[in-house]
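Hi everyone, thanks for having me. I'd like to walk you through one structure today, so have a look at the screen and keep it in view while I talk.

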Amino acid sequence: MRNTDLRAALEMVALSDPGMVREHNEDAVAIDNSMGMAILADGMGGYNAGEVASGMAIACISTELKLRMPGVELHKRDPESGRPQAHRLLLDAIANANREIFQTARNQPQCAGMGTTLVVTLFYDNRLSVAHIGDSRLYRLRDERLEVLTRDHSLLQEQIDSGLLTEEQARHAHYRNLVTRALGIDDAVEADINDYEVEEGDLYLLCSDGLNDMLTDDEISEAMQMLGSNLPLASQQLVQMANDAGGKDNVSVILAQVKGSFKTRRSRFSWLLPWL
């Protein structure tokens, strides 16, 4: 029981840029097409500790996923939670990364208070599992309609949800980057995790807030629709547009396009297993 070759069914590209104002790039990205894995982190903390946190998050999570995924049937349901095994894999990897970052921040004064946002996705069995913490986002472009699949863990989002601010007012707020949840700040953290069915032609975008703070969703959608057939060019265009709009923060993007089916191959007798 395994996925069909994801390298034929899924195309991925990643790009990260320091922007026009920041001297250091505290974002980090990683992709592995053969695993259907994409990870994006936006670090925070003084003395460049943000890039330490984001780099640790990417290294810890990608390493654990690569080690454990070959022995896990991601689509199968966990007997305790009833959720896909992919969820347990993601949550365990995130918890371990959180612990590593938190302990490093405690033990090394120059890293005190560091943390990072996180978006991590796994494509498998014609599905997508996404876990996220903070205000980095996952978008989906389907049938020319762009939709945000994650919900920011931020003070701004809480005020929008409570009706204190409109979406337009929020675009001009001075505290857009105040997150209410981050990886590595406390000894434990809760990640939001969700599943989505994928369709051929879907185009997914993981991004740091350096992109969506500079561009409207309409501008992002237009660039993705115009250049979606050339993912390297589309990623470069999105970063350039953010920089042209001011580039006030580091900007990172990962694009993933579904080219075909990657349904997990099951035994013809797998329906009997629950009865055995």
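**Starting from a lysine**

Let's begin with Lys259: its relative accessibility is 38%, so it counts as partly exposed. Before I go on, please remember that this is a predicted model.

What does Lys259 pair up with? Its partner is Glu11, and the two form a salt bridge in which the closest N and O atoms are 3.3 Å apart. Now check where these two sit: Glu11 is in strand S1, residues 10-17, while Lys259 is in the segment after strand S11, which covers 251-258, so this pair ties together parts that are 248 residues apart in sequence. Glu11 has a relative accessibility of 25%, so Glu11 counts as partly exposed too.

**The other salt bridges**

How many salt bridges does a search of the whole structure find? The answer is 15. I'll pick out a few.

Arg140 and Glu147 have side chains that meet in a salt bridge, at 3.0 Å from N to O. Is Arg140 buried or exposed? It counts as buried, because its relative accessibility is 11% and the cut-off for buried is under 20%. Glu147, at 26%, counts as partly exposed.

Next up are Asp202 and Arg142, whose side chains meet in a salt bridge at 2.7 Å, N to O. Asp202 is in the loop between strands S9 (192-197) and S10 (203-207), and Arg142 is in strand S7 (residues 137-142), so here the pair ties together parts that are 60 residues apart in sequence. Both ends are out of the way: Asp202 is buried with a relative accessible area of 1%, and Arg142 is buried with 18%. Then there's a little network: Glu64, Arg68, Arg88 and Asp92 are joined into one by salt bridges that share partners.

**Strand S3 and its neighbours**

Now find strand S3, residues 37-44. Why do I call it largely enclosed by the rest of the structure? Because 7 of its 8 residues are buried.

So who pairs with S3? One partner is strand S2, residues 27-32, which pairs with S3 in the antiparallel sense over 6 bridges. If you want a spot to click on, Ala28 has Ala41 in S3 as its bridge partner. S2 and S3 form a hairpin, with 4 residues between them. In that turn, look for Gly36, which has a positive phi of about 70°.

Strand S5, residues 118-124, is another partner: S5 and S3 run antiparallel and are joined by 4 bridges. There, Leu40 stands opposite Val119 in S5. Strand S4, residues 115-116, also runs antiparallel to S3, with 2 bridges joining them. Met44 stands opposite Gly115 in S4.

**Helix H2**

Let's move to helix H2, residues 49-68. H2 has 20 residues and reaches 28 Å from its first C-alpha to its last, close to the 28 Å expected at 1.5 Å a residue. Quick reminder from lectures: an α-helix has 3.6 residues a turn, so residues three or four places apart point the same way. Keep that in mind as you look at the buried residues of H2, among them Ala53, Ala57, Ile61 and Leu65. What covers the buried residues of H2? The cover includes S2, S3, S4 and S5, along with helix H3 (85-107).

**What about the cysteines?**

How many disulfides does the structure hold? It holds 0. Cys60 is in no disulfide, and the nearest cysteine sulfur, in Cys111, is 13 Å away. That gap is too far for a bond. A disulfide here would need the two sulfur atoms within 2.5 Å. The two cysteines also sit in unlike surroundings: Cys60 counts as partly exposed at 24% relative accessibility, whereas Cys111 counts as buried at 4%.

**Zooming out**

Last bit, the whole chain. The protein chain has 8 helices and 11 strands. Its radius of gyration is 19 Å, close to the 19 Å that the globule rule gives for 276 residues, so the chain is as compact as a globular protein of that length. The C-alpha atoms fill a box of roughly 60 × 45 × 35 Å along the principal axes. Of the 276 residues, 51% count as buried. And among contacts with a separation of 6 or more, 71% come from residues 24 or more positions apart.

That's it from me, thanks for listening!

Key. Residues numbered from 1 in each chain as written. Predicted model: local features only at pLDDT ≥ 70, side-chain atom pairs only at ≥ 80, totals over all residues. Heavy atoms only, no water. Buried < 20%, exposed > 50% of the residue type's maximum accessible area, 1.4 Å probe, protein only. Pairing = 2+ DSSP bridges. Salt bridge = Lys/Arg side-chain N within 4 Å of Asp/Glu carboxyl O. Expected span 1.5 Å × (residues − 1). Contact = heavy atoms within 4.5 Å. Rg over C-alpha atoms; globule rule 2.2 N^0.38 Å.
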